[in-house]
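Visitor: I like to see how a label is earned before I use it. Could you walk me through this one, setting each value against its cut-off?

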Amino acid sequence: MTDWRAAARSRLGVKPSESAVEEMAQHCEDVYRETIANGASEAEAHRQALRGVWPEPPRQAGYTKWLRDVRYATRSICRTPGFAATAV
């Protein structure tokens with residue numbers, strides 16, 4: 001059995017209120033039981049329970065973000081070359 005209260009405490013920060021911890025733990029337990037009832041594995045149910053409260057950040061390759069930033073910078077410089085020359 002998962003200790004949802006410990007997971008909630010670790011995610012909520014330094015010193016969360018007990019009522020907030022209890023509410024988050026109850027929500028995780030409800031999602032976990034519902035997911036198990038729908039036929040998912042225990043690992044999937046655990047992941048879904050935590051995901052409902054704390055969504056996973058989107059994953060992108062590092063070079064993709066870098067390339068997007070370079071394209072944006074190039075467009076900005078082309079739009080306002082006078083400002084870019086003054087700033088640099």
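Guide: Gladly; we will go from the overall fold to the core, two buried residues, the salt bridges and a surface patch. Please keep in mind that this is a predicted model.

Visitor: What does the secondary structure of the protein chain come to?

Guide: There are five helices and zero strands, so the order from the N terminus reads α-α-α-α-α. Of the 88 residues, 18% are buried. The accessible surface is about 7000 Å², with 57% of that belonging to carbon and sulfur atoms.

Visitor: Which residues make up the largest nonpolar core?

Guide: Nine residues do: Trp4, Ala7, Ala25, Cys28, Val31, Tyr32, Ala45, Ala49 and Leu50. Helix H1 (4-12), helix H2 (18-37) and helix H3 (42-53) each give two or more residues to this core, and H2 gives the most, with four. The name "core" applies because such a set consists of buried residues joined through side-chain atoms within 4.5 Å. In soluble globular proteins, nonpolar side chains tend to be buried together.

Visitor: Why is Tyr32 called buried?

Guide: Its relative accessibility is 14%, and buried means under 20%, so Tyr32 qualifies. Tyr32 sits in helix H2. Beyond its neighbours within four places in sequence, Tyr32 is in contact with Trp4, Glu42, Ala45, His46 and Ala49. Tyr32 and Leu50 are 18 residues apart in sequence, with 8.7 Å between their C-alpha atoms.

Visitor: And what does Ala49 touch?

Guide: Not counting residues up to four places away in sequence, Ala49 touches Trp4, Cys28, Val31 and Tyr32.

Visitor: Is Thr35 buried or exposed, and how do you know?

Guide: Thr35 has a relative accessible area of 14%; that is under the 20% limit, so Thr35 is buried. This residue also belongs to helix H2. The side chain of Thr35 reaches the backbone oxygen of Val31 at 2.7 Å. Leaving aside neighbours within four places in sequence, Thr35 is in contact with Ala40, Ala45 and Gln48.

Visitor: What makes the pairing of Glu18 and Arg5 a salt bridge?

Guide: The N to O distance is 2.1 Å, and the cut-off is 4 Å between a side-chain nitrogen of Lys or Arg and a carboxyl oxygen of Asp or Glu, so the pair passes. This pair links distant parts of the chain, Glu18 in helix H2 and Arg5 in helix H1, 13 residues apart. Arg5 also meets Glu22 at 2.0 Å, N to O, in a salt bridge. Here too distant parts are linked, with Arg5 in helix H1 and Glu22 in helix H2, 17 residues apart. Arg5, Glu18 and Glu22 are thus linked in a network of salt bridges. The whole structure has four salt bridges.

Visitor: Why does Arg5 count as partly exposed?

Guide: Its relative accessibility is 27%, which lies between the 20% and 50% limits, so "partly exposed" is the right label.

Visitor: How are Glu29 and Arg33 placed in helix H2?

Guide: They are four residues apart, so about one helical turn separates them. They form a salt bridge, with the closest N and O atoms 2.6 Å apart. Glu29 is buried at 11%, whereas Arg33 is exposed at 52%.

Visitor: Which residues make the nonpolar surface patch, and why is Trp66 called exposed?

Guide: The patch, of about 300 Å², is made by Trp66, Leu67 and Val70. Trp66 lies in helix H4 (residues 62-79). Its relative accessible area is 57%, and exposed means over 50%, so Trp66 earns the label.

How values were computed. Residues are numbered from 1 along each chain as its sequence is written. This is a predicted model: local features need pLDDT of at least 70, side-chain atom pairs count only at pLDDT 80 or more; totals for chains, interfaces and linings use all residues. Side-chain values use heavy atoms; hydrogens and water are left out. Buried means under 20% relative accessible area, exposed over 50%, partly exposed in between (1.4 Å probe, protein chains only). Contact means heavy atoms within 4.5 Å. Patches are made of residues with over 30% relative accessible area and no salt bridge: like charges are joined within 9 Å, nonpolar side chains (Val, Leu, Ile, Met, Phe, Trp, Tyr) within 5 Å. Accessible areas come from the Shrake-Rupley method with a 1.4 Å probe; for residues, only the protein chains shown count as cover. A polar contact is a pair of N or O atoms within 3.5 Å; within protein, one must be able to donate a hydrogen and the other to accept it, and residues adjacent in sequence count only if both atoms are side-chain atoms.
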